[in-house]
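Biologist: Could you walk me through this structure step by step? I am new to reading models.

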Amino acid sequence: MPSRSVESIVGARPFPLWWEAISRKPTRPPLEDPARVDVAIVGGGYSGLWTAYYLAQRDPSLDIALIERDFVGYGASGRNGGWCYAGFAADASAIERLSSTETARRWTRALLEMVDEVSSVVSKEGIECDFHQGGIIELIRNGGQAHRAHHHVSELHRLGWTTDDIRLLTPAETADRIAATETHGSVFIAQAASLQPALLATGLARAAESHGVTIFENTEATEIKPGHVRTNRGSISARVVLRATEAYTAEMEAHHRDLVPLYSLMLATEPLSETMWDEIGLADRELFGDYRHMVIYGQRTADGRIAFGGRGAPYDYGSRIRRGAEFSADHHQDVWNTLVSLFPVLDGVSISHRWGGVLGVARDWLPRVVFDPVSGMGWIGGFVGNGVGATNLAGRTMTDLVTGDSTELTSFPWVNRALRRWEPEPLRWAGITGVQAAMKAADIEEARTDRPSRVSAAVTRLIRSTNGIDEI
């Protein structure tokens with residue numbers, strides 16, 4: 001397999017490509033004096049920003065404060081692959097098992113509408129974030145992937161999506177869009193847009209501020225409880241306190257086992273020549289990936305690069321988040337090798353940036369929107385790296401919950417669903433590491449045998465059984 005040397009990857013700039021367009025330090029003042037507000041939101045990523053934005057519009061009389069430990073978009077919201085699509089961490093059939101077929105049908109419609117809603121806000125608020133709706137091409141590269149692809153399409157068709165929303169492409173149709181190796185066809189998902197994620201985060205922050213929200217950066221929450229947020233710079237009293245800390249929830253002692261932080265890693269190439277793009281394709285800036293177990297994701301950026309990432313970096317014992325570890329070159333070689341295996345023409349191209357970030361994972365892989373009107377406490381999280389669009393849905397849902405509105409959004413089964421905590425160590429490390437190894441082995445097995453992996457099927461059954469019900 002062709003690949004660049006480790007030395008070349010080490011030479012890439014060790015921070016997100018997306019951060020080139022924003023300030024990489026706080027630009028808003030920290031909290032300086034004790035404050036009293038109606039709503040305090042902890043976390044300056046998409047979840048907190050969307051919630052603040054919609055709450056401020058729903059009730060302009062609310063005094064809303066959002067605090068962020070670093071700067072807006074520091075976490076996953078400023079580091080991700082820029083996929084705004086009608087997807088979710090749990091598939092639609094999982095939602096069906098948790099509720100009903102009719103609820104799942106309403107859910108799939110909500111996912112489609114979610115992308116349009118993000119597009120509408122980006123346009124209305126003048127957020128320049130390279131938003132472009134070119135769809136997704138999910139490649140099929142062996143028999144195991146073909147099995148999952150056909151199931152994916154048939155399930156969504158059963159639950160209401162049409163061939164305009166999702167459809168199988170032949171190898172020839174696929175080649176017209178993307179010239180990847182060993183491709184046996186693909187699935188095209190129309191309702192999806194590529195974007196510059198850090199610019200979306202900073203644009204949302206400005207939009208929220210324009211509607212009256214106050215944002216404090218460089219302000220770390222040290223204690224979150226009903227009616228009160230204690231920070232390293234003072235305290236905030238609030239009738240409603242919402243936590244939107246995603247993977248960094250694991251750093252809070254009271255919530256240490258709620259969400260596991262897992263790393264996803266990315267690389268960006270230098271801008272490619274038009275000759276290279278003629279060979280690769282992606283003329284409509286389609287997002288791309290495939291149906292392997294260890295997720296990969298990529299986009300053609302607005303300035304003509306490939307930004308590409310993948311999961312599978314080792315889990316740190318004790319759910320530790322090592323600041324700077326996501327920029328280490330140690331595990332980026334595998335990401336680059338995977339990209340070059342898809343597009344051999346890239347061998348020899350310079351890598352401009354390498355980075356990564358942590359994403360939050362609940363024990364059952366189902367994100368949550370939780371709010372208790374009695375205590376005024378709520379939280380959003382667990383998006384498993386699929387939060388660019390889903391956080392918008394979560395923010396609107398939380399707004400309905402906080403304002404006491406019973407809507408279609410508040411009826412879905414991720415709302416106020418009880419959370420099972422992760423196991424204590426060393427069981428947590430053993431389980432996560434074991435599943436990661438099994439999924440890597442399953443991908444190798446499927447590439448070799450051209451059939452669905454028996455390993456992955458066994459792991460899926462085990463995960464479902466240990467969650468107590470056949471759900472996710």
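Modeller: Here are some questions and answers about this predicted model.

Biologist: Let's start with strands. In which sense do β9 and β10 pair, and over how many bridges?

Modeller: Strand β9 covers residues 221-225 and strand β10 covers residues 228-231. They form a hairpin with two residues between them. Their pairing is antiparallel, over four bridges.

Biologist: Which residue in the turn of that hairpin has a positive phi?

Modeller: A useful background point is that most residues other than glycine have a negative phi. In the turn between β9 and β10, the residue with a positive phi, of about 80 degrees, is glycine 227.

Biologist: What is the bridge partner of histidine 228 in β11?

Modeller: A hairpin of two residues joins β10 to β11, and these strands pair in the antiparallel sense over four bridges. Histidine 228 is also the bridge partner of lysine 225. In β11, the partner of histidine 228 is serine 237.

Biologist: Now the inside. Which helix gives the most residues to the largest nonpolar core?

Modeller: This core has 127 residues, and Ile306, Phe343 and Trp414 touch the most other members. Phenylalanine 343, for example, touches residues including Ile178, Phe288 and Ile306. The helix that gives the most to the core, with 10 residues, is α4.

Biologist: How far does α4 reach from its first C-alpha to its last?

Modeller: Helix α4 has 24 residues. At 1.5 Å a residue, the expected reach is 34 Å, and the model comes close to that. From first C-alpha to last, α4 reaches 34 Å.

Biologist: Leucine 282 has a positive phi although it is not a glycine. Is leucine 282 buried or exposed?

Modeller: Leucine 282 lies in the loop between α8 and β13, with a phi of about 60 degrees. To count as buried, a residue must have under 20% relative accessible area. Leucine 282 has 0% relative accessibility, so it is buried.

Biologist: What is the relative accessibility of serine 319?

Modeller: Serine 319 is in the loop between β15 and α9, and its phi is positive at about 55 degrees. Serine 319 counts as buried because its relative accessibility is 3%.

Biologist: Last one: which residue follows glutamate 425 through a cis peptide bond?

Modeller: Most peptide bonds are trans. Here, the bond after glutamate 425 is cis, with omega near 5 degrees. The residue that follows is in the loop between α10 and α11, and its name is proline 426.

Definitions and conventions. Residues numbered from 1 in each chain as written. Predicted model: local features only at pLDDT ≥ 70, side-chain atom pairs only at ≥ 80, totals over all residues. Heavy atoms only, no water. Pairing = 2+ DSSP bridges. Core = buried A, V, L, I, M, F, W, Y, C linked by side-chain atoms within 4.5 Å. Buried < 20%, exposed > 50% of the residue type's maximum accessible area, 1.4 Å probe, protein only. Contact = heavy atoms within 4.5 Å. Expected span 1.5 Å × (residues − 1). Lists of a residue's contacts leave out its neighbours within four places in sequence.
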